Amino acid sequence: MAVCEKMKVIIDEYINQIENFCKLPFTDQVKYLAYCYVKNTNDELFTPKNIKTFFELGNLKEPRNIPDIFNKLSDKKNPVFLKRGLNYTFHRDTFKELENQFTKQYKKKDDKEKESTFENLFSKKLLTNMEKDFEIELRDLHLVFGKSGTCTAFLLRKILEKMLFLVFAKNSKLTVIEKN
């Protein structure tokens, strides 16, 4: 996939997170697209031309004069943008607000996805049967699931080995394990 195509996908995913993005005032749209630019290019400096490109890549209606919007956003008593030579950067407070806004959105989404994935890891019937013998392992698995792949893999292997041992023990087949 070409770089422009990847960026189109990123912009699309990004603006879909913002309720009624296309109905927002152009000043807000410019602010959000500038944030998207900073987060996805790892460059804290941007220009009106960069944001114009993001409007184009996102197939969005462009404001008539993006440089005028930049001037409005940087000339306020509490500026959103700060001028740095020919470039702009976010005012620290604005960037923190945007970080908090989007971190909370991602965290909520990630927590929901993590929870639904964890719940689908074992069937309800199996979980009911496991509760007594695997209380500690299931609690630990819930703590590390989605945070540490290595810890999750270790606990899943531990659960599997313990299940196999219990099945062999229940069926009086421990000698098979001892021989190997």
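**Exercise 1. Is Lys158 buried, partly exposed or exposed, and what is its relative accessible area? Use the result to describe the salt bridges around Glu137.**

*Solution.* This is a predicted model, and every value below is computed from it.

Step 1. Lys158 has a relative accessible area of 37%, and because buried means under 20% and exposed over 50%, Lys158 is partly exposed.

Step 2. Glu137 forms a salt bridge with Lys158, in which the closest N and O atoms are 4.0 Å apart. Since Glu137 lies in helix α7 (residues 135–144) and Lys158 in helix α8 (residues 149–170), the pair ties together parts that are 21 residues apart in sequence.

Step 3. Glu137 also forms a salt bridge with Lys162, where the closest N and O atoms are 3.1 Å apart. This pair, too, links distant parts of the chain, with Glu137 in helix α7 and Lys162 in helix α8, 25 residues apart.

Step 4. Glu137 counts as buried, at 7% relative accessibility, whereas Lys162, at 27%, counts as partly exposed.

**Exercise 2. How many salt bridges does the structure hold? Describe examples that do not involve Glu137.**

*Solution.* Step 1. The structure holds 8 salt bridges.

Step 2. One of them joins the side chains of Arg139 and Asp140, with an N to O distance of 3.9 Å. Arg139 is partly exposed, its relative accessible area being 47%, and Asp140 likewise counts as partly exposed, at 27% relative accessibility.

Step 3. Elsewhere, Lys52, Glu56 and Glu62 are linked in a network of salt bridges.

**Exercise 3. Place Ile69 in its helix, and then say which residues Ile69 touches beyond its neighbours in sequence.**

*Solution.* Step 1. Ile69 lies in helix α4, which covers residues 66–74, and at 8% relative accessibility Ile69 counts as buried.

Step 2. Once residues up to four places away in sequence are set aside, Ile69 touches Phe26, Thr27, Val30 and Pro63.

Step 3. For Phe26, the separation from Ile69 is 43 residues in sequence, while in space the two are 7.8 Å apart, C-alpha to C-alpha.

**Exercise 4. Compare the span of helix α2 with the expected value, and describe the burial of its residues and what follows it.**

*Solution.* Step 1. Helix α2 (residues 26–41) has 16 residues, and from its first C-alpha to its last it reaches 22 Å, close to the 22 Å expected at 1.5 Å a residue.

Step 2. The buried residues of α2 include Gln29, Val30, Lys31, Tyr32, Leu33, Ala34, Tyr35, Cys36, Tyr37 and Val38.

Step 3. After α2 comes Asn42, whose phi is positive, near 55 degrees.

**Exercise 5. Which residues of the largest nonpolar core touch the most other members, and which elements contribute to this core?**

*Solution.* Step 1. The largest nonpolar core has 30 residues, of which Leu33, Phe46, Ile51, Phe81 and Phe90 touch the most other members.

Step 2. Two or more residues of this core come from each of α1 (3–16), α2, α3 (48–57), α4, β2 (87–90) and α5 (92–119). The largest share, 8 residues, is given by α2.

Step 3. Phe46 illustrates the packing: leaving aside neighbours within four places in sequence, Phe46 is in contact with Ala34, Tyr37, Val38, Ile51, Phe70, Phe81, Asn87, Tyr88, Thr89 and Phe90.

Step 4. A second, separate core has 9 residues, among them Phe122, Met130, Leu138 and Met163. As general background, nonpolar side chains tend to be buried together in soluble globular proteins.

Conventions. Residues numbered from 1 in each chain as written. Predicted model: local features only at pLDDT ≥ 70, side-chain atom pairs only at ≥ 80, totals over all residues. Heavy atoms only, no water. Helix = DSSP H or I, 4+ residues; strand = E, 2+ residues; numbered from the N terminus. Buried < 20%, exposed > 50% of the residue type's maximum accessible area, 1.4 Å probe, protein only. Contact = heavy atoms within 4.5 Å. Expected span 1.5 Å × (residues − 1). Core = buried A, V, L, I, M, F, W, Y, C linked by side-chain atoms within 4.5 Å.
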